[in-house]
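Hi everyone, thanks for making time. Today I'd like to walk you through the empty spaces in a protein, and then through the place where its ligand sits. Have a look at this.

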Amino acid sequence: MPMIHVIGGGLAGLSAAVESLGNANVRVYESAKSCGGRARSFYDKALDRRIDNGNHLVLSANRATFRFLGLIGACDGLTGPGAPIFPWHDVATGESWVLRLNEGRFPFWAFCPSRRVPGMRWRDLVVMLRLLRCQPDDVVASCFGNDALSRRLLAPFAVSALNTPINAAAASLLKKVVQECLLQGGRACRPFYPKLGLSETFVTPAEAHLALMRAEVRTGCRVTGLQIQEGRVCGLEVGAEVVEIAPDDQIVIATPAPVAASLLQPFWPELTVPDAFQSIINVHFALPTRTTYLGEAGRAGFTGVNGGMTEWIYLKPDLLSVTVSAANCYLTMAQEALTQQIWQEVRQVVQPLTATKLPQDAPQARVIIEKRATFAASVAQDKRRPSTVTPLSNLVLAGDWTQTGLPSTIEGAIRSGVEAARVLNQRRMF
Ligand SMILES: Cc1cc2nc3c(=O)[nH]c(=O)nc-3n(C[C@H](O)[C@H](O)[C@H](O)COP(=O)(O)OP(=O)(O)OC[C@H]3O[C@@H](n4cnc5c(N)ncnc54)[C@H](O)[C@@H]3O)c2cc1C
């Protein structure tokens, strides 16, 4: 059987590997000590907690994600409120509300004051029409108005989904996300997040499934160069070693974009990849006592936050985890000041949700700054995304940065892996 060599063990690479099983032997090369890439968990000694590098939310609309979890037998790895509810708090005004979408496509929720965002009028929905009619070069901000729906729901949703400020983010990317979730109704918008951790949900079960199917995952194994002859890859340089590529073997490059560019540009100078990035900051606060949370936020396990630096707070019994997206603007801020400011926002939002007294000053915290969390989802960067196919006959690309039509997300990464496996399979058949 031919061998499919997958370079990069993030979710795109793992997805390509899982999809290729049965058609070929599979081997994954991952440069880090463990797979998962930008979606991974680890034990933090100082906090004495297992944490994710960053909180990740997926929606029930993410069909490739759920299919992947089904294939690796990990559907029960995600949890959530089981309904399309989104608790929210505005730290500037002190208001709290719960967005309760209805299951079907018609937005009944928009006509019901107790289900929509405060101050919203049903005619604010016209913003959705503007977004659906956006031109390819439009930015998200040009579709929004000063109405409550734009300010209190769509703008924060856009920043989270695209990880880019709305005055720079491509409206076409947001349109695709909105078409796949919000416009499909609440049944496509149920939020999910890992029950235990990202690795426990996505990575360990994928590795176990690959091992069961006799695929090989080589961690701590960095591919440093490609050897090319007659328009195809004939060798992979792995440090001092060269792995020979047999005539029927195929390759998926599923590394981050800059690594793919450095491997390929010597042979393919026209290749463009995204080269501007946005960071995400996560602050994990270790709670001194086990805590339970009340109300809809307690049921959801998270709450959205408007009007401050904090965007999402994940409510765990021993940990409060905060996400700040599109965070390039905070990179020069001192970590102590950042932690204190975020903690004050967290206290304001979370204290009313629990009987446990939260400390005045920030408890022990881990700040994780992922400087290249995602490519900047601007119009210019979106145009730099290559498709799966390359000029090399036995090599394809995968990764959230390839032309998936989606912003940089788990769903985009997994779909890119599926597409890479599909293209390779088709090439083997013809
Ligand atoms: C903090 C944070 C929060 C996020 N939140 C969300 C969210 O809420 N919802 C959502 O859907 N998405 C979210 N994302 C995005 C999501 O994590 C990514 O889109 C996805 O994980 C990307 O997967 P990937 O496989 O394309 O890339 P990566 O995860 O970057 O995988 C690439 C892999 O290649 C390996 N590699 C690199 N060089 C080499 C080499 N030379 N040889 C071999 N291996 C190599 C790397 O070590 C890595 O494991 C978030 C990302 C971050 C960082």
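So, how many cavities of 30 Å³ or more does a search of the whole structure find? Keep in mind that what you see is a predicted model. The answer is two.

Let's take the largest cavity, which comes to about 60 Å³. Its lining is made of D52, N55, H56, Y193, P194, L196, G197, Y314 and K316. Two strands, β9 (191–194) and β17 (312–316), each give two or more residues to that lining. Sorted by class, you get four nonpolar, three polar and two charged residues.

The second largest cavity has a volume of about 30 Å³. Around that one you'll find W88, P156, S160, V305, E311 and W312. Here the split is four nonpolar, one polar and one charged.

Okay, on to the ligand. Which residues are closest to the ligand? They are E30, R38, H56, D400 and I410, out of 34 that surround it. You've met H56 already, in the lining of the largest cavity. An N or O atom in the H56 side chain is 2.7 Å from a ligand oxygen. For the side chain of D400, the distance from an N or O atom to a ligand oxygen is also 2.7 Å. L57 uses its backbone: a polar atom there is 2.8 Å from an oxygen of the ligand.

How much of the ligand gets covered? On its own, the ligand has 1000 Å² of accessible area, and the protein covers 92% of that. And the shell has 15 nonpolar, 14 polar and five charged residues.

Conventions:
Residues are numbered from 1 along each chain as its sequence is written. This is a predicted model: local features need pLDDT of at least 70, side-chain atom pairs count only at pLDDT 80 or more; totals for chains, interfaces and linings use all residues. Side-chain values use heavy atoms; hydrogens and water are left out. On a 1 Å grid over the protein atoms alone, a cavity is a set of points where a 1.4 Å probe fits but cannot get out, and a pocket is an open set with protein on both sides within 12 Å along at least five of seven lines; lining residues have an atom within 4 Å of a point. Grid points are joined across faces, edges and corners, and a volume is the space filled by probe spheres set on the points. Helices (H or I, at least four residues) and strands (E, at least two) are DSSP runs, numbered from the N terminus. Ala, Val, Leu, Ile, Met, Phe, Trp, Tyr, Cys and Pro count as nonpolar, Asp, Glu, Lys and Arg as charged, and the others, Gly among them, as polar. A residue is near a molecule or strand if one of its heavy atoms lies within 4 Å of it. A polar contact is a pair of N or O atoms within 3.5 Å; within protein, one must be able to donate a hydrogen and the other to accept it, and residues adjacent in sequence count only if both atoms are side-chain atoms. Accessible areas come from the Shrake-Rupley method with a 1.4 Å probe; for residues, only the protein chains shown count as cover.
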